[in-house]
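Visitor: I have the sequence and the coordinates open beside me, and I would like to work through some of the local features with you. Could we take them one at a time, with the reasoning spelled out?

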Amino acid sequence: MNTKYFDLINQTFYFPQEEFTLNKDNLQFHQIDLMKIVEQYGTPLKFTYLPQISNNINRAKGWFRKAMEKNKYDAKYYYCYCTKSSHFSFIMNEAFKNNIHIETSSAFDIDIVENLMAEGKINKNTYVVCNGFKREQYIENIARLINNGHNKTIPVIDNYEELDLLQEKIDGKFKIGIRIAAEEEPKFEFYTSRLGIGYKNIVPFYRKQIEENKNVELKMLHFFINTGIRDTAYYWNELLKCMKVYVALKKECPTLDSLNIGGGFPIKNSLAFEYDYQYMIDEIINQIKISCEEAEVDVPNIFTEFGSFTVGESGGAIYQVLYQKQQNDREKWNMIDSSFITTLPDTWAINKRFVMLAINRWNDTYERVLLGGLTCDSDDYYNSEQNMNAVYLPKYNKEKPLYIGFFNTGAYQETIGGFGGLHHCLIPQPKHILIDRDENGILATEVFSEQQSAEQVLSILGYEKK
C-alpha cells in the first residue's frame with residue numbers, strides 16, 4: 001500500500017511543483033533546504049524569500065505587456081505596490097528595485113514614502129496613489145508631499161468632503177483621482193462598498209466640484225472589487241459598469257487619462273491552485289478597449305495596486321510539533337510550538353488557508369490530525385486544508401521531531417498579528433486613558449499611553465525617520 005506522506009501528496013497533487021521539491025526526506029522551497037534553516041535558527045520562525053517579490057512583479061509586468069501588444073492597446077501600464085500588505089523596509093527595498101510605483105492607505109504611509117525618497121529608492125517619477133478615507137493627519141501628509149514638489153502624487157477622492165480638505169492644505173494646482181464605490185457581491189453583507197463614491201454620483205460630482213476648479217486636475221478613475229479579480233459574471237459586470245462611468249467622464253473631462261483597477265490577484269493557497277493570469281489580463285484589456293472604441297474615446301493608462309500578489313508568496317512560517325494529544329477515539333491534536341492566533345491571524349479571523357506541508361519525514365507513514373496552538377484560547381487551531389476536510393501529516397513520534405511549514409503567508413499577517421506594536425494599515429495605537437474614582441466618588445483621569453507616533457512605527461518597520 002502507498003502509506004507514506006510522500007505518496008499522499010504525490011497522488012493528491014501534481015508534485016513536485018515550481019517552488020516545492022523534495023530532497024530525499026525533506027521539503028525544499030525554491031531550492032532552499034528548509035531543514036537546514038530549522039537546524040540553524042530553530043523554531044518557531046518566520047522567513048521572507050526576497051527574490052519572489054521581484055519575480056512576481058516582473059511576471060505581472062510581462063503579462064500586461066503581452067496583453068497590450070496582443071490587443072494593440074495604445075497606452076501605458078503602471079505597477080503600484082499596495083503598502084498595507086507589508087510595510088517593512090526589507091519588502092520595500094526589494095520591491096522598488098523593479099521600477100514600480102506606490103499606493104498608500106493611511107497617514108504614516110507618507111512618512112515611509114518620504115523615507116524612501118530620501119534613500120533614493122523612489123524619485124520624482126514615482127507615482128504615489130493615495131487611497132483610503134482621509135482625515136487631518138493623512139491630508140496634511142499628502143499636502144506636504146505635494147507642496148514639496150512631488151507632482152506625481154495622486155490623492156484618490158473617497159468622499160465629497162475630501163477635495164475641500166485637500167485644497168485647504170495644498171498650494172496651487174494638483175492632480176486627483178476618484179474612487180468608484182463598487183456594488184458588492186450579492187452574498188456580501190452590504191450592497192455597496194463603504195469606500196468611494198457611487199457610480200451614478202461621479203459625473204455630477206465632477207461637474208459640481210471639479211469641472212470649473214482651476215486648482216484641480218482629474219487624472220484617474222479608481223475601480224476595485226473586494227473579492228478580487230476573478231472570472232465571474234459579477235466581476236465582468238462591475239468592470240463594464242465602471243467603463244460606462246469612465247467613458248461618460250472622459251467625454252466631459254479631457255485630462256482624465258488613467259484607470260486604476262486596484263489589486264485582487266489571487267495567490268497560491270493550495271498545491272491544487274489554478275488561475276490563468278494571462279487570460280484574465282488579456283480579457284480585462286480587451287473589454288476596456290472595446291468600451292473605449294465603441295464610445296470613440298482614447299483608452300486609459302492602466303494602474304494596478306497588487307499587494308498580496310507582490311509579497312504573499314515570499315513568506316512562510318515553520319513550527320515544530322511538540323506533542324500529540326489523543327482527545328477521543330477520532331481526534332488527535334498535534335500541538336505546535338507557537339500560536340495560530342498571534343502568528344497566522346488570518347487562519348483564525350477569516351478562516352484563511354495557506355499551503356501547509358511537512359518539512360521533514362516525507363517517507364514516514366501519515367495520519368489525520370488537528371493542529372493546535374499554544375494559547376489557552378479554544379479558537380487557536382488549524383483543522384483543514386483548502387482542498388481537503390482534514391490535515392494529514394507524518395505520524396507523530398516523540399523520538400523523531402516533526403516540523404511543518406505554512407507557505408505564502410507574506411501579506412498582512414505581521415501587521416494584523418501586531419508585530420512590535422504594528423496595526424493594520426499602520427493605523428496608530430490610540431491614546432489610552434485610565435479612569436478612576438476616589439473615596440469621595442470624584443472622577444480622576446490619567447494618560448496610560450500616548451497615541452503612537454510616526455517615528456515609533458517607522459522604527460518598528462526598519463526605517464529611520466528623515
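Visitor: Over how many bridges do strand 5 and strand 13 pair, and what residue is the bridge partner of Y78 in strand 13?
Guide: The model is a predicted one, and in it strand 5 runs parallel to strand 13, which covers residues 301–306, with five bridges between them. Within strand 13, the residue that serves as bridge partner of Y78 is F303.

Visitor: Which residue in strand 6 is the bridge partner of C80, and what is the hand of the crossover from strand 5 to strand 6?
Guide: Strand 5 also pairs in the parallel sense with strand 6, residues 101–104, over three bridges. In that pairing, C80 has H101 as its bridge partner in strand 6. Between the two strands the chain passes through helix 4, residues 89–95, and the β-α-β crossover made in this way is right-handed.

Visitor: Is strand 5 largely enclosed or left open by the rest of the structure?
Guide: Side chains in a regular strand alternate between the two faces of the sheet. In strand 5, Y77, Y79 and Y81 point one way while Y78, C80 and C82 point the other way, and all of them are buried. Because six of the six residues in 77–82 are buried, strand 5 is largely enclosed.

Visitor: How far is the sulfur of C82 from the closest cysteine sulfur, and how many disulfides are found in the whole structure?
Guide: C82 is buried, at a relative accessible area of 4%. Its closest cysteine sulfur is that of C425, at 7.5 Å, which is too far for a bond, given that a disulfide calls for sulfur atoms within 2.5 Å. For C253, which counts as buried at 2% relative accessibility, the closest cysteine sulfur, in C292, is 14 Å away and again too far for a bond. Across the whole structure, the number of disulfides found is zero.

Visitor: Where is C425 placed, and does C425 count as buried or exposed?
Guide: Most residues other than glycine have a negative phi. C425 is not a glycine, yet its phi is positive, at about 60 degrees. It is placed in the loop between helix 14 (413–417) and strand 21 (432–437). With a relative accessibility of 14%, against a cut-off of under 20%, C425 counts as buried.

Visitor: What is the relative accessibility of R361, and where is R361 placed?
Guide: R361 is a residue other than glycine with a positive phi, near 60 degrees. Its relative accessibility is 6%, and R361 therefore counts as buried. Its place is in the loop between strand 16 (355–358) and strand 17 (366–372).

Visitor: Where are P16 and P44 found, and is the peptide bond from T43 to P44 cis or trans?
Guide: Most peptide bonds are trans. The bond from F15 to P16 is cis, with omega near 5 degrees, and P16 lies in the loop between helix 1 (5–12) and strand 1. P44 lies in the loop between helix 2 (34–41) and strand 4 (45–48). The peptide bond from T43 to P44, with omega near 0 degrees, is cis.

Visitor: Which residues form the covered face of strand 4, and which residue in strand 14 stands opposite L45?
Guide: Strand 4 has an uncovered face, K46 and T48, and a covered one, made up of L45 and F47. Strand 4 runs antiparallel to strand 14, residues 315–326, and four bridges join them. Opposite L45 in strand 14 stands I318.

Visitor: Which strands stand at the edges of the open sheet of three strands?
Guide: The strand order in this sheet is 1-2-3, with antiparallel pairing. Strand 2, residues 26–29, is joined to strand 3 by two bridges, and F29 has I32 as its bridge partner there. Each edge strand has a single partner, so one side of each is left without a neighbour in the sheet, and these edge strands are strand 1 (20–23) and strand 3 (32–33).

Visitor: What is the volume of the second largest pocket, and which helix gives the largest share of its lining?
Guide: The second largest pocket has a volume of about 230 Å³. Of the 14 residues lining this pocket, E18, E19, R59, K268 and E313 are the closest to its centre. By class, the lining has three nonpolar, five polar and six charged residues. The largest share of the lining, four residues, comes from helix 3 (residues 51–70).

Methods
Residues are numbered from 1 along each chain as its sequence is written. This is a predicted model: local features need pLDDT of at least 70, side-chain atom pairs count only at pLDDT 80 or more; totals for chains, interfaces and linings use all residues. Side-chain values use heavy atoms; hydrogens and water are left out. Buried means under 20% relative accessible area, exposed over 50%, partly exposed in between (1.4 Å probe, protein chains only). Two strands pair if DSSP finds at least two bridges between them. A crossover is right-handed if, with the strands pointing away from the viewer, the path from the first strand over the helix to the second runs clockwise. On a 1 Å grid over the protein atoms alone, a cavity is a set of points where a 1.4 Å probe fits but cannot get out, and a pocket is an open set with protein on both sides within 12 Å along at least five of seven lines; lining residues have an atom within 4 Å of a point. Grid points are joined across faces, edges and corners, and a volume is the space filled by probe spheres set on the points. Ala, Val, Leu, Ile, Met, Phe, Trp, Tyr, Cys and Pro count as nonpolar, Asp, Glu, Lys and Arg as charged, and the others, Gly among them, as polar.
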